[in-house]
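User: Could you take a close look at the surroundings of the ligand in this model for me? I would like to know what lines the site and how the neighbouring strands are arranged.

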Amino acid sequence: MSDEDPANVADADLPEDVDAPEDVEPETMDSEVEEAAKTVPRGVPLRVEGLRKEFGGITAVDGATFEVEAGSLTGLIGPNGAGKSTTFNCITGVHRADGGEVYFRGEDVTGLRPHTIAQRGLVRTFQIARQLGEMTVLENVMLAPGGQSGESIARSVLPGTRGGVVAEERALRDRAWETLEFFELDHLATEYAGNLSGGQRKLLELARAMMTDPDVLLLDEPFAGVNPTLEEKLLDQLHELREQGLTFLLVEHDMDLIMENCEHVIVMHQGRVLDEGPPEQIRNSEEVIEAYLGGEV
Ligand code: ADP
Ligand code: MG
């Protein structure tokens, strides 16, 4: 159904910060300050409340509630089958939740379609990289959701607008190249995505996600199958992107990696949040240790 679509079109034209931060003096809100405000994230861009998802008789997510702070690298951990990937699926509209709400930058986005949620800046990568193997790396990046230019038929056929579309396409291509360079994939631009190694696919997955200009990026095991050198590089890139204002929620089974890189860790177990806090607290949590030793791994 297209129930949410008219709202999207209306939303798209609204200024983002209608209720601007009250702690900023009006006279200091010149464009420079506004620009800085964009790159210094505040608040809680993502809030999940009582999220529930069932598959037949299985309750995969059973009332999960948590928040992700702006500019954080937050870890989401838990034994296999704890409901982490399903939570990501519900947050990003891949699955329709059976209960609960997802708020993104204060708006209820529960039940919106994946592309709508992605357009708003809440973007995920998949545990199993999803790329079009018969397209080149560059094409994959250029065709990332939300990255396309000239997608409106009207704009491409109306007289006088064609030049604009061509310029936009060039801009998109430039941006795709920059993104490939950032992830050091530029030397593979003309390679078919299907020929990439597992680790390179993970990088491509991230590159595609970055093309959508996310505010919050949900990463589902981005390091699985990635060699240690590449993993190190990827982590550096995540930290660099975070310094630029991005917020990350990271699912990862390597506990040490989570503990060393995340300032806040959320632990899921049997579809619920079992515990959360700074790494040192989670590392010593008896509940958490028990959940991991509980034979479900
Ligand atoms: P995690 O990512 O934490 O390992 P998942 O979210 O993948 O856990 O899975 C949680 C539970 O939901 C598991 O019992 C899994 O078998 C089940 N599950 C996940 N996706 C599906 C699906 N599409 N159909 C049926 N059951 C599913
Ligand atoms: Mg999973």
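Analyst: Happy to help; here is a walk through the ligand site, followed by the strands. Please keep in mind that this is a predicted model.

Let's begin with the shell. Around ligand 1 you will find Phe55, Ile58 and Ala60, then Pro79, Asn80, Gly81, Ala82 and Gly83, and finally Lys84, Ser85 and Thr86. By character, these shell residues split into five nonpolar, five polar and one charged.

Three contacts deserve your attention if you are thinking about polar atoms. A polar side-chain atom of Thr86 sits 2.5 Å from an oxygen atom of ligand 1. Ser85 takes part through its backbone, with a polar atom 2.9 Å from an oxygen atom of the ligand. Ala82 also uses its backbone, where an N or O atom lies 3.2 Å from a ligand oxygen. As for cover, ligand 1 has 560 Å² of accessible area on its own, and the protein covers 61% of that.

Which elements supply the shell? Strand S2 (58-68) and helix H3 (84-91) each give two or more residues to it. The largest share, three residues, is from H3.

From S2 we can move into a sheet. S2 belongs to an open sheet of four strands, ordered S2-S1-S4-S5 and paired in the antiparallel sense. Its edges are S2 and strand S5 (107-108), each of which pairs on one side only. The partner of S2 is strand S1 (residues 46-55), and eight bridges hold this antiparallel pair in register. Within it, Leu51 stands across from Ala64 of S2.

A further group of strands centres on strand S9 (residues 264-269), where five of the six residues are buried. Strand S3 (residues 73-77) runs parallel to S9, and four bridges join the two. Gly75 is opposite Val265 of S9 in that pairing. S9 also pairs with strand S10 (residues 272-277), this time antiparallel and through five bridges. Here His269 faces Arg272 of S10. The hairpin that S9 and S10 form has two residues between the strands, and Gln270 adopts a positive phi near 50° there.

Finally, a word on cysteines. Cys90 has a relative accessibility of 5%, so it counts as buried. Cys262 is buried too, with a relative accessible area of 5%. Searching the whole structure gives zero disulfides.

How values were computed:
Residues are numbered from 1 along each chain as its sequence is written. Chains are lettered from A and ligands numbered from 1 in the order in which they are written. This is a predicted model: local features need pLDDT of at least 70, side-chain atom pairs count only at pLDDT 80 or more; totals for chains, interfaces and linings use all residues. Side-chain values use heavy atoms; hydrogens and water are left out. A residue is near a molecule or strand if one of its heavy atoms lies within 4 Å of it. A polar contact is a pair of N or O atoms within 3.5 Å; within protein, one must be able to donate a hydrogen and the other to accept it, and residues adjacent in sequence count only if both atoms are side-chain atoms. Accessible areas come from the Shrake-Rupley method with a 1.4 Å probe; for residues, only the protein chains shown count as cover. Ala, Val, Leu, Ile, Met, Phe, Trp, Tyr, Cys and Pro count as nonpolar, Asp, Glu, Lys and Arg as charged, and the others, Gly among them, as polar. A disulfide is a pair of cysteine sulfur atoms within 2.5 Å. Buried means under 20% relative accessible area, exposed over 50%, partly exposed in between (1.4 Å probe, protein chains only). Two strands pair if DSSP finds at least two bridges between them.
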